[in-house]
Amino acid sequence: IAYARKTVPGIAFTSDVIVGFPGELREDFEQTLSLIEQVGFVSLFTFIFSPRVGTPAASMPDPVSPQEKSAWFQEMTALQEKIAAKRLAGMVGSVRRALLESRGDGFVEARLPENIVVRVPETDAPLGVYAQVEITEAKSWILEGKIVSIES
């Protein structure tokens with residue numbers, strides 16, 4: 001991660017995390033939390049383990065209760081939300097290049113290179129073009145902004 005950040009400034013990381021895989025102990029889970037903190041993922045796709053018939057994991061001993069797995073899951077998602085909120089808040093006031101992707105009711109969603117969505121007021125600019133966007137507000141998982149200029 002350190003090498004990638006040094007080599008590619010502004011690189012963003014996402015990951016998938018399964019909580020409560022059979023045999024996972026609290027100490028293992030705490031290592032996962034530590035990794036999440038160290039990397040500072042832009043986003044995580046998170047799941048609580050559920051056995052699938054016919055897979056080796058379905059027959060593995062699983063000493064962790066569903067309630068405990070759920071508590072771990074909530075702890076992990078709270079940590080990721082804190083990390084994401086800090087990252088997004090740090091972008092407020094910056095001007096960033098974003099791809100205009102889709103239209104909503106009165107807004108356009110633009111995407112930053114880190115795969116973060118910025119909602120900007122509706123524009124006549126076509127989708128699929130890049131714009132310079134000023135980030136004006138950070139919300140839970142998306143940013144609000146305004147278009148400064150459209151790239152030609």
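Visitor: How many aromatic pairs does the structure hold?

Guide: Two aromatic pairs are found in this predicted model. One of them joins F21 and F49, whose ring centres lie 5.2 Å apart.

Visitor: What makes F21 and F49 an edge-to-face pair?

Guide: Ring centres have to lie within 6.5 Å to pair, and planes over 60 degrees apart count as edge-to-face. For F21 and F49 the centres are 5.2 Å apart and the planes stand at 70°, so the pair is edge-to-face.

Visitor: Why can one say that this pair ties together parts of the chain?

Guide: Look at where the rings sit. F21 belongs to the loop between β1 (14-19) and α2, while F49 belongs to the loop between β2 (43-48) and α3, so the pair ties together parts 28 residues apart in sequence.

Visitor: Let us turn to the helices. How do you know whether α2 and α3 are roughly parallel or antiparallel?

Guide: Helix α2 (residues 26-39) packs on helix α3 (residues 66-89) at an angle of about 10°, and the axes are 10 Å apart. Angles under 35 degrees count as roughly parallel, so α2 is roughly parallel to α3.

Visitor: Which residues make that contact?

Guide: From α2 come R26, F29, L33, I36 and E37, and from α3 come W72, E75, M76, L79, Q80 and I83. By class, the residues of this contact are seven nonpolar, one polar and three charged.

Visitor: Now the strands. Which strands make up the closed barrel?

Guide: The barrel has five strands in the order β3-β4-β5-β7-β6, and its pairing is mixed. From one strand to the next, the twist averages 55°.

Visitor: What makes the pairing "mixed"?

Guide: Both senses occur in the pairs. Strand β6 (residues 130-138) and strand β7 (residues 143-150) are antiparallel over seven bridges, and β3 and β6 are antiparallel over five. By contrast, strand β5 (residues 117-121) and β7 pair in the parallel sense over two bridges.

Visitor: How do you know that β5 and β7 count as paired?

Guide: Pairing takes at least two bridges. β5 and β7 have two bridges between them, with V118 opposite L143 in β7.

Visitor: Which residues stand opposite each other in the other pairs, for example I135 with its partner in β7?

Guide: I135 has G145 as its bridge partner in β7, and A138 stands opposite L143. Between β3 and β6, A98 is partnered by A131. β3 also runs antiparallel to strand β4 (residues 107-111), joined by four bridges, among them the one from S102 to E109.

Visitor: How many residues lie between the strands of each hairpin?

Guide: In the β3 and β4 hairpin there are three residues between the strands, and G106 in that turn has a positive phi of about 90°. In the β6 and β7 hairpin there are four.

Visitor: Back to β3 and its residue R96. What makes its approach to E114 a polar contact?

Guide: The cut-off for the N or O atoms is 3.5 Å, and the side chains of R96 and E114 are joined at 2.6 Å. R96, in strand β3 (residues 95-103), is also in contact with residues beyond four places in sequence, including M91, L112, P113, A131 and I135.

Definitions and conventions. Residues numbered from 1 in each chain as written. Predicted model: local features only at pLDDT ≥ 70, side-chain atom pairs only at ≥ 80, totals over all residues. Heavy atoms only, no water. Polar contact = N/O pair within 3.5 Å; in protein donor to acceptor, adjacent residues only side chain to side chain. Contact = heavy atoms within 4.5 Å. Axes fitted to C-alpha atoms, helices over the stretch in contact; angles between N-to-C directions. Parallel < 35°, antiparallel > 145°, perpendicular 65-115°, else oblique. Nonpolar A, V, L, I, M, F, W, Y, C, P; charged D, E, K, R; others polar. Phe/Tyr/Trp six-rings, centres within 6.5 Å; stacked < 30°, edge-to-face > 60°.
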